[in-house]
Amino acid sequence: MKKRIAVYPGSFDPVTYGHLDIIQRGLEVFDELVIAVARNSEKKGLFSIPERIEMLKRLIDDKRARVETFDGLLVDFVLSHGSRVILRGLRAVSDFEYEFMLAQTNRAMHDEVETMFMMTSVPYVYLSSTVVKEIATLGGMVDTFVPPAVQDALKKKLSQT
């Protein structure tokens with residue numbers, strides 16, 4: 001029987017409880033999950049790609065999940081991993097239009113690749129990495145949004161700037 005492999009792409013800058021929620025639930029649906037840390041030239045990240053990968057690897061304790069990075073077209077990355085599924089988390093309705101456009105564009109390039117949307121669990125509906133970074137930069141508590149290892153990494157990184 002062929003393994004069901006999905007690719008969960010994102011910047012994960014930093015990884016939040018919302019990301020971890022989608023990863024955990026994705027592993028309940030798929031046999032393998034590739035967490036794909038995107039190199040986005042338009043965004044200046046707080047954490048380097050290697051730092052994000054390391055954080056994710058420390059937080060995910062499941063041999064069916066692997067963390068990699070990619071640049072280029074997501075659909076090409078998906079197909080190169082023997083997958084035909086992109087897993088995306090949806091928070092509020094405001095995410096839908098952008099995610100719908102991406103899904104349709106990816107499908108136009110490779111119609112064998114499907115995008116599956118998973119609704120974020122209620123506690124994380126309005127949670128984003130951008131909000132977490134802003135709160136942390138202003139000295140606020142982020143313990144309800146990110147795991148302790150990420151809190152520590154944020155403190156350390158922000159003390160260097």
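**Notes on the sheet, a helix pair and the salt bridges**

1. Let me start in the sheet: A6 has L33 as its bridge partner in β2. Keep in mind that this is a predicted model, where local features need pLDDT of at least 70, side-chain atom pairs count only at pLDDT 80 or more, and totals for chains, interfaces and linings use all residues. Residues are numbered from 1 along each chain as its sequence is written, and side-chain values use heavy atoms, with hydrogens and water left out.

2. The pair A6 and L33 belongs to the parallel pairing of β1 with strand β2 (residues 32–38), which runs over six bridges. For the bookkeeping, two strands pair if DSSP finds at least two bridges between them. Helices (H or I, at least four residues) and strands (E, at least two) are DSSP runs, numbered from the N terminus.

3. What does β1 have on its other pairing? Strand β4 (residues 85–90) runs parallel to β1 and is joined to it by two bridges. Here V7 stands opposite I86 of β4.

4. How well covered is strand β1 (residues 5–10)? Six of its six residues are buried, where buried means under 20% relative accessible area, exposed over 50%, and partly exposed in between (1.4 Å probe, protein chains only). I5, V7 and P9 point one way from the strand, A6, Y8 and G10 point the other way, and all are buried.

5. Zooming out, five strands make an open sheet with parallel pairing, in the order β3-β2-β1-β4-β5. The edges are taken by β3 (65–70) and β5 (114–119), each with a single partner strand, so one side of each has no neighbour in the sheet. On average, neighbouring strands of this sheet are turned by 30° against each other, direction ignored.

6. On the connection: β1, α1 and β2 form a right-handed β-α-β unit. Right-handed here means that, with the strands pointing away from the viewer, the path from the first strand over the helix to the second runs clockwise.

7. Now the helix pair. The axes of helix α2 (residues 49–59) and helix α6 (residues 148–159) come within 10 Å and cross at roughly 155°. That makes α2 roughly antiparallel to α6, since angles under 35 degrees count as roughly parallel, over 145 as roughly antiparallel, 65 to 115 as roughly perpendicular and the rest as oblique. Axes are lines fitted to C-alpha atoms, for helices over the stretch in contact, and angles run from 0 to 180 degrees between N-to-C directions. The crossing of α2 past α6 is right-handed (the near helix is turned clockwise from the far one by less than a right angle; anticlockwise would be left-handed).

8. How many salt bridges does the structure hold? There are 13, counting a side-chain nitrogen of Lys or Arg within 4 Å of a carboxyl oxygen of Asp or Glu. One of them links R25 to D21, with the closest N and O atoms 2.9 Å apart. These two sit four residues apart in helix α1 (residues 17–29), so about one helical turn separates them. R25 is partly exposed at 23% relative accessible area, whereas D21 is buried at 10%.

9. Two further salt bridges deserve a look. D95 meets R91 with the closest N and O atoms 3.0 Å apart; D95 is buried at 13% and R91 partly exposed at 31%. E114 meets R107 at 3.3 Å between the closest N and O atoms, with E114 partly exposed at 35% and R107 partly exposed at 32%. Elsewhere, K3, E32, R66 and E68 are joined into one network by salt bridges that share partners.
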